[in-house]
Amino acid sequence: MKFTVLGSGSTGNATLIATERTKVLIDAGLSCREIVKRLALVGVDATELDAVIITHEHSDHIGGLRNLVAKFGCRVYISGPTEEAYYQWSRAANGN
């Protein structure tokens, strides 16, 4: 099992946990484009992601989630309260 920190800090958090068969992203706080770029730098194609696990709804943990899921259709694992907060954050970020 390999752990790779793709980003850590107030500008975005994302960590890849990978085995030969499974690749899971913990948080998607970087932009989709940046996540794809950083995955490529460590030899992983974003289409190989099996899932994204979201730890909580702060923007530095979810900022790139919407575009990542729209582009690659990976599964998302998120708690109910975090999902609810994510949708509230998303609506506010989009002026709704």
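Student: What order do the five strands of the open sheet have?

Tutor: Keep in mind that we're looking at a predicted model. The sheet is open and its pairing is mixed. Reading across its five strands, the order is S1-S2-S3-S4-S5.

Student: And which strands are the edge strands?

Tutor: Look for strands that pair on one side only. Two strands fit that description, one covering residues 2-7 and the other 75-77. So the edge strands, each with a partner on one side only, are S1 and S5.

Student: By how many degrees are neighbouring strands of this sheet turned against each other on average?

Tutor: For this one, direction is ignored. Averaged over neighbouring strands of the sheet, the turn is 25°.

Student: In which sense do S1 and S2 pair, and which residue in S2 does Lys2 stand opposite?

Tutor: S2 spans residues 14-18, and S1 pairs with S2 over five bridges. The sense of that pairing is antiparallel. As for Lys2, the residue opposite in S2 is Ala18.

Student: Let's move on to charges. How many salt bridges does the count come to?

Tutor: Side chains of opposite charge can pair when their charged atoms come close. The cut-off here is a Lys or Arg side-chain nitrogen within 4 Å of an Asp or Glu carboxyl oxygen. One pair that passes is Lys23 with Glu48, at 3.6 Å between the closest N and O atoms. By this rule, the count is three.

Student: How many residues apart in sequence are the parts that Lys23 and Glu48 tie together?

Tutor: Lys23 lies in strand S3, residues 23-26. Glu48 is in the loop between helix H1 (32-41) and strand S4 (51-53). The pair therefore ties together parts whose separation in sequence is 25 residues.

Student: Is Lys23 buried or exposed?

Tutor: Lys23 has a relative accessible area of 12%. Buried means under 20%, whereas its partner Glu48, at 34%, counts as partly exposed. So Lys23 is buried.

Student: Which residues are linked in a network of salt bridges?

Tutor: Start with Glu34 and Lys37, whose closest N and O atoms are 3.9 Å apart in their salt bridge. Both lie in helix H1, three residues apart, about one turn of the helix. Glu34 also forms a salt bridge with Arg38, at 2.7 Å, and those two are four residues apart in H1, again about one helical turn. The linked residues are Glu34, Lys37 and Arg38.

Student: What relative accessible area does Glu34 have?

Tutor: Lys37, at 47%, counts as partly exposed, and Arg38, at 27%, does as well. Glu34 is partly exposed too, and its value is 22%.

Technical notes
Residues are numbered from 1 along each chain as its sequence is written. This is a predicted model: local features need pLDDT of at least 70, side-chain atom pairs count only at pLDDT 80 or more; totals for chains, interfaces and linings use all residues. Side-chain values use heavy atoms; hydrogens and water are left out. Buried means under 20% relative accessible area, exposed over 50%, partly exposed in between (1.4 Å probe, protein chains only). Axes are lines fitted to C-alpha atoms, for helices over the stretch in contact, and angles run from 0 to 180 degrees between N-to-C directions.
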